[in-house]
Structure formats: structure tokens, C-alpha cells
Amino acid sequence: MMAIQGTWDDVFGKSPPKVAALASALAALLRALNPACVEVARPGDKAVSFGWGAAKMSQAYAYLMPQKDRVNLGFYQGANLPDPAGLLEGTGKSMRHVKVHDEALAQSAPLRALVLAAMEKSRANGGLE
């Protein structure tokens, strides 16, 4: 069964302006770090994933999810990422997220390092097909 996928607007279209702006800034960062990334809007998950291919758990390494006053930048294998700045939250077996409330965090070196580490972890685990 193929998952029904949507558009950026399906996920972020009804977000408050602050959330939409943060999401755009974070998406720009993800695209800049991997210009060839595959971006998949997943309205059912209320998220947009970024990765090496369209498969969510095996090829995607990050996702953006709107919240009321922030954007969660999530990592599918976040529990296995180095996080010296202590940005990651969550208790799941593998997934973790960063609650991004402002542009400063969205553009910070520690957040950029997390994205790069997630990309490398995914590539090493066969996400790059």
C-alpha cells in the first residue's frame, strides 16, 4: 500500500506566521546542507520529512512538525546522535526532536551539527540508496 502524501501547505498552511517562518528557515537549512534531499510532505503525520529517499523510517533523517508556538525538528535516529549542547528531547526508542522557538536556534551551530550528524548516521545505516 502506498502512503498518501501531500504538499508543504497541507502541513504548514494553517500554522501561525511565526511557526511558518521558522519552518521555512529550518527547511532552508536542511536543503542547504543536502541540496539533493528528498522532501516528503506527510499530512497524516502532520510533518515534512527530509532524507535520501521517500521511505520515512529507512531513508529520511529529519522532519519538521508544526506546533502551536514552535516547530519540532525531529530526527528519526536521534537517540543515537551526539548532542553535546543537550538540544534533543524525547524518550522513544530511536526518535528525538528539538523544540525550535526562535530563529537564533534555527541558525545555530549546534543545531546544524545535529542535522549533519543525522545525515551521516542515516547514510552509514544504508539510507542512501
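These legends walk through several views of one predicted protein model.

**View 1. The whole protein, with its five helices and five strands.**
Welcome to the full fold. Following the chain along its sequence, you meet the elements in the pattern α-α-β-β-α-β-β-β-α-α. The C-alpha trace spans about 40 × 35 × 30 Å along its principal axes. How does the radius of gyration compare with that of a compact globule? A compact globule of 129 residues would have a radius of gyration near 14 Å, and the protein has 13 Å, so the two agree.

**View 2. Inside and outside of the protein.**
Of the 129 residues, 44% are buried. The accessible surface comes to about 6800 Å², and carbon and sulfur atoms account for 56% of that surface. The protein carries 14 positive and 11 negative charges, and the mean positions of these two groups are 4 Å apart. Now think about who touches whom: among contacts between residues at least 6 apart in sequence, 50% join residues at least 24 apart.

**View 3. Helix α2, residues 17–33.**
Here is a helix you can check with a little arithmetic. Helix α2 has 17 residues, and at 1.5 Å a residue it should span 24 Å. Its end C-alpha atoms are 24 Å apart, so the model agrees with the expected span. Which residues of α2 are buried? They are V19, L22, A23, A25, L26, A27, L29, L30 and L33.

**View 4. Helix α5, residues 109–124, and its packing partners.**
This helix has 16 residues and reaches 22 Å from its first C-alpha to its last, close to the 22 Å expected at 1.5 Å a residue. Look for its buried residues: L111, L114, V115, A117, A118, M119 and S122. What do the buried residues of α5 pack against? Their partners include the helices α2, α3 (56–59) and α4 (103–106). The strands β3 (60–66), β4 (71–75) and β5 (96–100) are also among the elements they pack against.

**View 5. R42, a residue of strand β1.**
Is R42 buried or exposed? R42 has a relative accessible area of 9%, and because buried means under 20%, R42 counts as buried. Now find Q5, which is 37 residues away from R42 along the chain. The C-alpha atoms of R42 and Q5 are nevertheless separated by 5.2 Å. Leaving out residues up to four places away in sequence, R42 touches Q5, V11, A47, S49, A54, A55 and K56.

**View 6. K46, in the loop between β1 and β2.**
The loop in this view joins two strands, β1 (38–42) and β2 (47–51). What is notable about the phi angle of K46? Phi of K46 is near 55°, a positive value in a residue other than glycine. K46 has 58% relative accessibility, and because exposed means over 50%, K46 counts as exposed.

**View 7. A79, in the loop between β4 and β5.**
Our last stop is another loop residue. A79 has 32% relative accessibility, so A79 counts as partly exposed. Which residues is A79 in contact with, leaving aside its neighbours within four places in sequence? The contacts are K93, S94 and R96. You can also look for H97, 18 residues from A79 along the chain. The C-alpha atoms of A79 and H97 are separated by 9.4 Å.

Key: Residues numbered from 1 in each chain as written. Predicted model: local features only at pLDDT ≥ 70, side-chain atom pairs only at ≥ 80, totals over all residues. Heavy atoms only, no water. Helix = DSSP H or I, 4+ residues; strand = E, 2+ residues; numbered from the N terminus. Rg over C-alpha atoms; globule rule 2.2 N^0.38 Å. Buried < 20%, exposed > 50% of the residue type's maximum accessible area, 1.4 Å probe, protein only. Contact = heavy atoms within 4.5 Å. Areas by Shrake-Rupley, 256 points an atom, 1.4 Å probe, with all protein chains shown as cover. Lys, Arg positive; Asp, Glu negative; His and termini not counted. Charge placed at Lys NZ, Arg CZ, Asp CG, Glu CD. Expected span 1.5 Å × (residues − 1).
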